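This briefing goes through one chain by topic, beginning with its surface charge and ending with its salt bridges. Please read it alongside the sequence and the coordinates.

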Amino acid sequence: MTNDGDRRNLITTNREIRRVRRQTISAIFNQLHGFTAHEEFSDLVQEAKEKYGITRIGVFDVDMLIWDFKNGLPIALLEVKNRHQLQEDDGYAIFDELQYTFLEDLGSYLGVPVFYVVKTRVKWLVWKVERDLAVRRKLADGRKIVLLPLDKAERYNHGEMVHRFLKKLMER
């Protein structure tokens with residue numbers, strides 16, 4: 001016996017299946033167009049920098065901002081990454097140095113904690129962005145990276161992210 005809340009009763013006709021499929025495809029296209037607009041705008045900024053010889057400007061985004069509506073203040077900034085292939089025996093997670101430095105500076109300027117939140121295949125890893133945490137390296141091709149030690153990451157499963165990390169963060 002099923003009830004009205006049973007998920008198997010939500011989509012029962014081919015027409016409803018086609019409607020859900022169209023909505024899903026539309027959402028995917030909107031997301032892709034958003035990425036395209038983001039990249040195109042970044043290219044415009046780069047073109048303006050080159051055309052006018054401006055070298056002191058960088059363009060960065062912050063993935064998430066946790067905001068306290070009651071007090072009208074940010075609680076935390078989050079840079080969320082996906083590293084499904086990350087292996088514990090690697091010892092470090094690798095990130096872009098310019099972005100990391102930007103997040104250090106922004107968090108310091110705003111007086112707000114900044115976190116790298118990384119989804120791996122089996123857990124969430126969280127590092128608080130701090131000046132002494134990252135190991136900075138310059139690669140042979142000139143790129144600059146930071147290495148975040150895996151043994152310094154807080155580890156959470158799904159429930160722990162909700163009940164430990166996020167709850168503590170939002171109760172500040």
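Arginine 18 lies in helix 1, which covers residues 14-51, and the model in which it is placed is a predicted one. The chain as a whole comprises 3 helices and 8 strands, arranged along the sequence in the pattern α-β-β-β-α-β-β-β-β-β-α.

**Helix 1 and surface charge**
- Arg15, Arg18, Arg19, Arg21 and Arg22 form a positive patch on the surface, and within this group arginine 18 is partly exposed, its relative accessible area being 43%.
- A patch of negative charge on the surface brings together Glu39, Glu40, Asp43, Glu47 and Glu50; of these, glutamate 40 is placed in helix 1 and, with a relative accessibility of 48%, counts as partly exposed.
- Phenylalanine 41 also has its place in helix 1, and it is exposed, with a relative accessible area of 52%.
- Between phenylalanine 41 and valine 59 there is a separation of 18 residues in sequence, while their C-alpha atoms are 9.9 Å apart in space.

**Overall dimensions and burial**
- The radius of gyration of the chain is 21 Å, whereas a compact globule of 172 residues would have one near 16 Å.
- The C-alpha trace spans about 65 × 40 × 40 Å along its principal axes, and 26% of the 172 residues count as buried.

**Salt bridges**
- The whole structure contains 8 salt bridges, among them one between glutamate 79 and lysine 81, whose closest N and O atoms are 3.3 Å apart.
- Glutamate 79 counts as buried at 2% relative accessibility, and lysine 81 likewise counts as buried, because its value of 18% is under the 20% cut-off.
- Arginine 131 and glutamate 104 form a further salt bridge, with 3.1 Å between the closest N and O atoms; this pair links distant parts of the chain, since arginine 131 sits in the loop between strand 5 (124-128) and strand 6 (135-138), and glutamate 104 sits in helix 2 (residues 97-110), 27 residues apart.
- In that pair, arginine 131 is partly exposed at 47% relative accessibility, whereas glutamate 104 is buried, with a relative accessible area of 7%.
- Arginine 131 and glutamate 104 also belong to a network of salt bridges that links Glu97, Glu104, Asp105, Arg131 and Arg136.
- Glutamate 171 forms a salt bridge with lysine 167, in which the closest N and O atoms are 3.6 Å apart; glutamate 171 is exposed at 56% relative accessible area, while lysine 167 counts as partly exposed at 43%.

Notes: Residues are numbered from 1 along each chain as its sequence is written. This is a predicted model: local features need pLDDT of at least 70, side-chain atom pairs count only at pLDDT 80 or more; totals for chains, interfaces and linings use all residues. Side-chain values use heavy atoms; hydrogens and water are left out. Patches are made of residues with over 30% relative accessible area and no salt bridge: like charges are joined within 9 Å, nonpolar side chains (Val, Leu, Ile, Met, Phe, Trp, Tyr) within 5 Å. Accessible areas come from the Shrake-Rupley method with a 1.4 Å probe; for residues, only the protein chains shown count as cover. A salt bridge is a side-chain nitrogen of Lys or Arg within 4 Å of a carboxyl oxygen of Asp or Glu. Lys and Arg count as positive and Asp and Glu as negative; His and the chain ends are not counted. The place of a charge is taken as NZ of Lys, CZ of Arg, CG of Asp or CD of Glu. Helices (H or I, at least four residues) and strands (E, at least two) are DSSP runs, numbered from the N terminus. Buried means under 20% relative accessible area, exposed over 50%, partly exposed in between (1.4 Å probe, protein chains only). The radius of gyration is taken over C-alpha atoms; the globule rule is 2.2 Å times the number of residues to the power 0.38.
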